[in-house]
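Work through the exercises below with the sequence and the model open beside you. Each task sentence is followed by a solution that proceeds step by step.

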Amino acid sequence: MLTFIEMEFLKLKRSKIFLLSLMGAILPPLLMFIAVTAFGEGNTFELLFTNVNMYTSAMFSVLIFAIIISYLFGREYNEHTLKTMLTIPVSRSKFLVSKYVMFLVWIVILTVVTSFSTLVFGLIAGLEGFSLMLFIDSFARLLYANVLLFLTFSPFVFISLFITNMVPAMVGGAGLALVNLMVYGQNWAPFVPWVCPYLIASGEIAKYSTSVSVAYGVILATFLIGMIISYMYFTKKDITL
Amino acid sequence: MVDYVIKTNQLSKTYSKNKVVDSVNMHVERGKIYGLLGKNGAGKTTTMCMLLNLTYPSSGEIFLFGKNPKKHSDELYSKIGSIIETPGFYENLTAYENLKIISKIRGDFDPYTINSVLKMVNLDQHGSKQFKDFSLGMKQRLGIAAAIMHSPELLILDEPINGLDPFGIKEIRDLLKRLSREFGITILISSHILSEIENIADVIGFMDDGVLIEEISKEDLHDRLNKFVEFEVSDIDLALNIFKVLELKENEDFTVSGSTIYLYTHLSLRDKFNALFVNAGIDVGKVNLCEENLEEFFTRFVSNN
């Protein structure tokens, strides 16, 4: 598996999408930095971390993750490399799992970039109340939210295998980000898989009447359904040249 | 007992109600070059995809190296190198990087092997060039490099000389012949360039409308090619009268086109016919003993079947 991940990184060499995703990871901290400096919205590190985590995991991550997963799977079709990879030979299930693991690794990198860039922007803005514990806590919450969000993206694997160009994933990701905005604060928000991760990681789930285990259940069910249909589709379908 | 590296039994593939490969029984002998010949849409690529497990058969069986690939997938496919249609590689990477990915995943990465195989296909001078900037010929050559890099026992090559210039075609032809003769690699190659198949293959499989019509060895093929004598004469009517007197029948024993007669029977008497023409005062501009080429044979063969 390590070799697969190493090779996935090699595949990203000179790739613009990796750089773009890093820029995307910096965008929420940058926007919050602008809000703080230009509009005076809060002057503490705690508020900055909270806001960045919220906008990242509830909005930006949804869009960026959709693009990343679509790229990871779709490029193998679009660049006709799938037939090369599978005839090495690589089993279809191993291929599917290694791609999904690479997606997780990519997410962890983006989380690190978001957290550290938030810290840097906070220092530039001269915010008060920084502590190492606060930073670690904020990073852990964002990482947890993003990992849970990662689980909810298995249906996007199927979409990427079914429609191999990136447009449906981008539209889907943008649509989900909007859905998240709309349902946030609604009673039934914990039933929406792509909002749950933020609600659980931030602790806001406690404000809802739905128990946290239901939210975990929604995430797990989404993950399993997405993986099962992706596996069934990918292992049964002929490879298009 | 003949050692078949590829053997299929009633192999078929149906898309909706369209049967694109129909009960193919293919026999590829170890160490031979097997040319799969057919028009576009004949089912060559689908057959190869089924052999490589990229496409699942609707029915029938495949045996590779005498074993069922469903049960021995890793063992069998690691002995195979392939190109299906245009080779697919990562566009942002160089030739070396692309081959590195393949060999790392296969578990046999060796920089020296990659460099030598790139040299073998004349891609060693393009170190920093990314795949997206490759010409079609370069892409094909990289595909061949990837296919032979792990010293496979079987090569399955679908139109590998597509996009190559005449020099490139000759290079690849020589390389494939060398791989077969020196290393005993079995090669299944498809091409729409009939002369190339004729040049390279030991056995030719004729495919049309999803059906493998026949597998013919090169020796048998030579015996089955139509032969004829071409007479170019100054007085066609007089020449035809002579044939009429000799009770030769048009469209049966010979055909006529302009001032040329194509004689298909009694070929050994061509010098006698020539003498008769000359004695009758006919100038004979050309007397050629000709053999049908593969293209003509293929056209006749497919239309007859």
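The exercises deal with salt bridges, enclosed and open spaces, and one surface patch.

This is a predicted model, in which local features need pLDDT of at least 70 and side-chain atom pairs count only at pLDDT 80 or more, while totals for chains, interfaces and linings use all residues. Residues are numbered from 1 along each chain as its sequence is written, chains are lettered from A and ligands numbered from 1 in the order in which they are written, and side-chain values use heavy atoms, with hydrogens and water left out.

**Exercise 1.** Determine which parts of the chain the salt bridge between A:E8 and A:K99 links, and whether A:E8 is buried or exposed.

Solution. Begin with the criterion: a salt bridge is a side-chain nitrogen of Lys or Arg within 4 Å of a carboxyl oxygen of Asp or Glu. The closest N and O atoms of A:E8 and A:K99 are 3.2 Å apart. The pair connects helix 1 of chain A, which holds A:E8, to helix 5 of chain A, which holds A:K99, across 91 residues; helices (H or I, at least four residues) and strands (E, at least two) are DSSP runs, numbered from the N terminus. Next consider accessibility, where buried means under 20% relative accessible area, exposed over 50%, and partly exposed in between (1.4 Å probe, protein chains only). A:E8 is buried, because its relative accessible area is 4%, and A:K99 counts as buried at 0%.

**Exercise 2.** Find which residues are joined with A:E76 into one network of salt bridges.

Solution. First, A:E76 and A:K11 form a salt bridge with an N to O distance of 2.9 Å. This pair joins helix 3 of chain A, where A:E76 lies, to helix 1 of chain A, where A:K11 lies, the two residues being 65 apart. A:E76 counts as buried at 1% relative accessibility, and A:K11 likewise at 2%. Finally, through shared partners, A:E8, A:K11, A:E76 and A:K99 make up one network.

**Exercise 3.** Establish which residues lie nearest the centre of the largest cavity.

Solution. On a 1 Å grid over the protein atoms alone, a cavity is a set of points where a 1.4 Å probe fits but cannot get out, a pocket is an open set with protein on both sides within 12 Å along at least five of seven lines, and lining residues have an atom within 4 Å of a point. The largest cavity holds about 180 Å³ of space, and its lining has 19 residues, of which A:T84, A:T87, B:S82, B:I83 and B:A146 are nearest the centre. Strand 6 of chain B gives the largest share of this lining, four residues.

**Exercise 4.** State the volume of the largest pocket and which element gives the largest share of its lining.

Solution. The volume is about 700 Å³. Of its 33 lining residues, A:P89, B:N53, B:S73, B:D74 and B:Y77 are closest to the centre. The largest share, four residues, belongs to strand 5 of chain B. That strand also contains B:L64, which is buried, with a relative accessible area of 0%.

**Exercise 5.** Identify which residues make the nonpolar surface patch of about 420 Å².

Solution. The patch consists of A:L27, A:L30, A:L31, A:I34 and A:F39. Patches are made of residues with over 30% relative accessible area and no salt bridge, nonpolar side chains (Val, Leu, Ile, Met, Phe, Trp, Tyr) being joined within 5 Å. A:L30, found in helix 2 of chain A, is partly exposed, with a relative accessible area of 31%.

Definitions and conventions: Grid points are joined across faces, edges and corners, and a volume is the space filled by probe spheres set on the points. Patches are made of residues with over 30% relative accessible area and no salt bridge: like charges are joined within 9 Å, nonpolar side chains (Val, Leu, Ile, Met, Phe, Trp, Tyr) within 5 Å. Accessible areas come from the Shrake-Rupley method with a 1.4 Å probe; for residues, only the protein chains shown count as cover.
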